[in-house]
Amino acid sequence: MRALLVLSIPLAACTVAKAQVDATDMCISYSDVAIKGVAAGTTTLDHVFNYNKLALIQAFAKSVSNLQFISITAHATSGITSFDFVEAAHVTVASGDPTSLLPTIDVYDCDGDCVPDGSSLTVPSTFQSSAIDYIDTGSIVADLEISGALPVDGWTMDVDFCFSGDLTYETGL
């Protein structure tokens with residue numbers, strides 16, 4: 001009986017399968033972000049929106065290490081057909097939880113090097129730290145600042161927040 005007990009301990013701790021996957025371009029979308037028109041000659045606009053549909057990425061984040069912000073992509077949906085007017089885009093992210101002590105962070109930035117692709121604009125992350133704490137709060141507040149020859153009429157866009165991380169799966173007996 002002692003031999004069986006000694007043998008069962010290593011078997012219980014035995015790893016049967018382990019996999020690690022580099023998961024890139026995991027995106028969450030925010031649809032129909034409405035941007036108000038601006039007065040002619042206005043060159044900067046600031047728009048804040050709160051994204052709280054994070055349940056899917058929250059569940060995924062529990063299995064991911066090193067979850068990083070990698071890009072934000074805006075897709076024009078009405079009122080404009082191109083982001084060619086964008087000279088600079090700057091996005092900060094904060095927790096939408098009013099009790100959170102997480103700081104507001106500068107996450108995405110292009111300044112003079114923004115490269116619109118027709119009706120889409122992708123802005124890379126400039127922040128290399130974990131996004132998990134922000135995702136775990138259940139809400140992200142994004143503050144978008146755009147500079148350029150802005151449209152005078154209102155327009156809408158869909159926004160994709162994209163992440164990357166290392167997914168690890170391990171199972172034992």
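These legends go with a set of close-up views of one predicted protein model. Local features need pLDDT of at least 70 and side-chain atom pairs count only at pLDDT 80 or more, while totals for chains, interfaces and linings use all residues. Residues are numbered from 1 along each chain as its sequence is written, and side-chain values use heavy atoms, with hydrogens and water left out.

**View 1. The whole chain, with its three helices and eight strands.**
Welcome to the overview. Helices (H or I, at least four residues) and strands (E, at least two) are DSSP runs, numbered from the N terminus. Along the sequence they follow the pattern α-β-β-α-β-β-β-β-α-β-β. The chain has 173 residues, and 38% of them count as buried; buried means under 20% relative accessible area, exposed over 50%, and partly exposed in between (1.4 Å probe, protein chains only). Its accessible surface comes to about 9600 Å², with 55% belonging to carbon and sulfur atoms. That area comes from the Shrake-Rupley method with a 1.4 Å probe; for residues, only the protein chains shown count as cover. Among contacts (heavy atoms within 4.5 Å) between residues at least 6 apart in sequence, 83% join residues at least 24 apart.

**View 2. The largest nonpolar core, made of 45 residues.**
A nonpolar core is a set of buried Ala, Val, Leu, Ile, Met, Phe, Trp, Tyr and Cys residues joined through side-chain atoms within 4.5 Å. The members that touch the most others are F69, F83, Y108, W155, M157, F161 and F163. Strand β3, residues 64-78, gives the most to this core, with six residues.

**View 3. An open sheet of four strands in the order β2-β7-β4-β5.**
The strands here pair in the antiparallel sense; two strands pair if DSSP finds at least two bridges between them. At the edges lie β2 (44-51) and β5 (105-111), each of which pairs on one side only. On average, neighbouring strands are turned by 15° against each other, direction ignored. For that angle, axes are lines fitted to C-alpha atoms, for helices over the stretch in contact, and angles run from 0 to 180 degrees between N-to-C directions.

**View 4. Strand β7 and its two partners, β2 and β4.**
Eight antiparallel bridges join β2 to β7, and H47 has L144 of β7 as its bridge partner. The covered face of β2 carries L45, H47, F49 and Y51, and its uncovered face carries T44, D46, V48 and N50. With β4 (residues 86-95), β7 (residues 140-148) pairs over nine bridges; A88 stands opposite S147 in β7.

**View 5. Zooming in on V141 in strand β7.**
V141 counts as partly exposed because its relative accessibility is 22%. Its C-alpha atom is separated by 5.1 Å from that of A94, although the two residues are 47 apart along the chain. Leaving aside residues up to four places away in sequence, V141 touches V48, F49, N50, T92, V93, A94, S95 and G96.

**View 6. The surroundings of T156 in strand β8.**
Strand β8 spans residues 155-172. T156 has a relative accessible area of 18%, so this residue is buried. Its side chain makes a polar contact of 2.6 Å with the side chain of T77, and one of 2.6 Å with that of S78. A polar contact is a pair of N or O atoms within 3.5 Å; within protein, one must be able to donate a hydrogen and the other to accept it, and residues adjacent in sequence count only if both atoms are side-chain atoms. Not counting residues up to four places away in sequence, T156 touches V33, A34, H75, A76, T77 and S78.
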